[in-house]
Amino acid sequence: GVGEEHGHEEAGHHVVQLGAGRVAWAEPLPPGVIASFREPNESGFTRLAVEPQTGAVALGTEDGTIWRWVPPEAPQALVPGAGRSSARVSLVQFDRQAGLVARIGSRFHRARPAESAPAVKWPELKSVALSPDGTRLAGIGPEPPLWFFDPRTGRPTHRAERQVKVDEMKFSPDGRHLATLRFGRLYLWRASTGSLTWNARL
């Protein structure tokens, strides 16, 4: 993902640049734009992810549309927009099998490569994190507890052993641990059990 307005990700020997409602696929050296795409509904882009193996670009918008783009092919709308701000895309991420997970409003959508992304019903979650392999999702609402979910079904599998609030969270690269941050204190959780393995004030 990227910032709210601008950002970039590398895709092999290319750089994908996002900004001002337009995404561009460019050669870094020498500089030059190979292809660009403007969202047809003039809705701003909110999130960007690149699948490293295929170079596919996933894009989320303010109105809840999820686009899949593999230059020079035409972009494909995996999820059509709902046309309201409450449906904005706040998460777009590929897993290691090139599957796509996206959060639109309070709902999550999961798709295999090049397929449409049906919705999975989830509880209201304020903060979320998806493991790199796409097999586990952590989420917390306005209040504890911190839950771990199966992204394929949306069902909780277990919860963190301690009741803590969360400002930010992220899985480790191997997906075995989840790090959460709250008011300058870092917590490290074992993802398979929800047990707290370490915490310290930064």
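Which residues of the largest nonpolar core touch the most other members?

## Nonpolar cores

In this predicted model, the largest nonpolar core has 15 residues, of which A138, L146, F148, M169, F171, L178 and W189 touch the most other members. Strands β14, β15, β17 (168-171) and β19 (185-190) each supply at least two residues of this core. A second core, separate from this one, comprises 13 residues, including A56, V79, F94 and A102.

Leaving aside residues up to four places away in sequence, L178 is in contact with A129, A138, L146, F148, M169, K170, F171, Y187, L188 and W189. In soluble globular proteins, nonpolar side chains tend to be buried together.

## The four-stranded sheet

An open sheet is formed by four strands in the order β13-β14-β15-β16, with antiparallel pairing. Its edges are β13 (127-130) and β16 (156-159), each of which pairs on one side only. From one strand to the next, the twist averages 25 degrees.

Within this sheet, strand β14 (residues 137-140) runs antiparallel to strand β15 (residues 146-149), and four bridges join the two. I140 stands opposite L146 of β15; L146 is also among the core residues that touch the most other members.

## The loop between β7 and β8

A74 lies in the loop that connects β7 (66-69) and β8 (76-79). This residue counts as exposed because its relative accessibility is 64%, where the cut-off for exposed is over 50%. Between A74 and F37 the C-alpha to C-alpha distance is 8.9 Å, with a separation of 37 residues in sequence.

Terms used:
Residues numbered from 1 in each chain as written. Predicted model: local features only at pLDDT ≥ 70, side-chain atom pairs only at ≥ 80, totals over all residues. Heavy atoms only, no water. Pairing = 2+ DSSP bridges. Axes fitted to C-alpha atoms, helices over the stretch in contact; angles between N-to-C directions. Buried < 20%, exposed > 50% of the residue type's maximum accessible area, 1.4 Å probe, protein only. Core = buried A, V, L, I, M, F, W, Y, C linked by side-chain atoms within 4.5 Å. Contact = heavy atoms within 4.5 Å.
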